[in-house]
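Me: I am new to this structure and would love a close look at a single part of it. Could you start from one residue and then work outwards to what surrounds that part?

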Amino acid sequence: MVILGIESSCDDSGIAILEDGKNLLHNKIYSQTDIHASFGGIVPEVAARQHVSSLGDLIQEIKDLNMLNVIQGVAVTKGPGLAGSLLVGINYAKSLAYALNVPVRGINHLTGHIHAAWIENQEEIEFPVIALLVSGGHSELVLMKSHKEKILLGQTRDDAAGEVFDKVARFMDLEYPGGPVIDKRSQLSKSKIRTLPVTNIKDSLDYSFSGLKTSTIKYISKIIEQNGQLDDNLINDICYNFQDAVVEQLVIKLKIAVEEYKPKSIIVCGGVAANSHLRARIKNESAIPVIIPSPKLCTDNGAMIAAAAFYENAFSKESELDLDVFPSLKMTD
């Protein structure tokens, strides 16, 4: 089946055409990073307005390539995410599906991230699977017994991992988004020492990053008080210190989950899965196969939405022309 996937949950507009869950015929993303960088974070109203024009341009490109006639179904993110951004994507999806006389289905953004792993690695993934989803808004551990059967094992109790990357980077006046720049600067650290605390909630697979965020900001403030400013070497060392603490907490809980539930595969997905330190730690320390989508499929994209629709057999149900948005949608909803 050839599925058009539309993603607009936050600030990236994504359009993709995926055949049988693996053949990526088209995949384009319009990023709003430069637009929101001056604000140090995403402005919801600005994001929604930008989706109106960017999704229109992306769909026009598909039309110009004469690819509309191959589409057999339209899959679109219904949540979680920013209400305004989701609404733009859903309205485009319903209009397009109606015009093409094909079904439309709403897809959970979170399961989309997980199913991105199947696009390039169909043969390598074996159930049961433990998925570690880490992004700007989510940090979750999920046990999958099948494509549709998911059990939430743990989640962040406060800030998401990607969120604290952005906030720590902003406190040091680094570029937005914070994840890529902290990853890059940490590789330049000469000391590579972790002194910041690693949260480990007892008898739980939940995460907590707010304490690390506060500790890091206090640590940076103390260094500035002592030195007057942050030079490049200090920034590099702080980036490594902070990043290693985040990765350590993610790895600790993942190892506990693997030991308890004995999966046959591990999936690491979401925007933070592009982090080089996290990818290396998990791959080097795991005794079972670790599947991590390529960086272009870790960030928000339409291909992952189309993949989730295919593998969850979403089009076995009736079309959803009355589809609505669900900004607070959970992984297991």
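Leaving aside its neighbours within four places in sequence, which residues is arginine 185 in contact with?

Reply: Happy to take you there. Once its neighbours within four places in sequence are set aside, arginine 185 is in contact (heavy atoms within 4.5 Å) with Leu174, Asp232, Ile235, Asn236 and Cys239. Before going on, please keep in mind that this is a predicted model, in which local features need pLDDT of at least 70 and side-chain atom pairs count only at pLDDT 80 or more, while totals for chains, interfaces and linings use all residues. Residues are numbered from 1 along each chain as its sequence is written, and side-chain values use heavy atoms, with hydrogens and water left out.

Arginine 185 sits in helix H6; helices (H or I, at least four residues) and strands (E, at least two) are DSSP runs numbered from the N terminus. With a relative accessible area of 17%, arginine 185 counts as buried (buried is under 20% relative accessible area, exposed over 50%, partly exposed in between, with a 1.4 Å probe and protein chains only). One of its partners deserves a second look: the side chains of arginine 185 and aspartate 232 are joined by a polar contact of 3.3 Å. A polar contact is a pair of N or O atoms within 3.5 Å; within protein, one must be able to donate a hydrogen and the other to accept it, and residues adjacent in sequence count only if both atoms are side-chain atoms.

Now widen the view to the helices that pack against H6. In helix H5, residues 161-171, the buried residues are Ala161, Gly162, Val164, Phe165, Val168 and Ala169. Because they cover an arc of only 160 degrees around the axis (taken from the directions from the helix axis to the C-beta atoms), they are on the same side of H5. If that pattern is new to you, an α-helix has 3.6 residues a turn, so residues three or four places apart point the same way. The buried residues of H5 pack against H6, and also against E6, E7, H8 and helix H7 (210-227). Just after H5 comes aspartate 173, with a positive phi of about 60 degrees.

Helix H9, residues 276-285, also belongs in this picture. His277, Leu278, Arg279, Arg281 and Ile282 are its buried residues. They pack against helix H6 (178-186), strand E6 (129-134), helix H8 (232-261), strand E9 (265-269), strand E10 (290-291) and helix H10 (295-298). At the start of H9, asparagine 275 brings a side-chain oxygen to within 3.0 Å of the backbone nitrogen of histidine 277. Asparagine 284, also in H9, is exposed at 65% relative accessibility. From asparagine 284 to proline 263 it is 21 residues in sequence and 17 Å in space, C-alpha to C-alpha.

Several of the strands just named belong to an open sheet of five strands, in the order E8-E7-E6-E9-E10 and with mixed pairing (two strands pair if DSSP finds at least two bridges between them). E8 and E10 are the edge strands, each pairing on one side only. H8 packs on this sheet, where it touches E6, E7, E8 and E9, and its direction makes about 165 degrees with that of E6. For that angle, axes are lines fitted to C-alpha atoms, for helices over the stretch in contact, and angles run from 0 to 180 degrees between N-to-C directions.

Within the sheet, E6 and E7 pair in the antiparallel sense over six bridges, and leucine 132 stands opposite leucine 141 in E7. Strand E7 (residues 139-144) and strand E8 (residues 150-155) run antiparallel too, joined by five bridges. Glutamate 140, for example, has glutamine 155 in E8 as its bridge partner. E7 and E8 make a hairpin, with five residues between them.

Lastly, a word on cysteines. The model has zero disulfides, a disulfide being a pair of cysteine sulfur atoms within 2.5 Å. Cysteine 269 is in none, as the nearest cysteine sulfur, in cysteine 298, is 7.7 Å away. Cysteine 269 is also buried, at a relative accessible area of 0%. Cysteine 10 makes no such bond because its sulfur is 16 Å from the closest cysteine sulfur, that of cysteine 298, which is too far.
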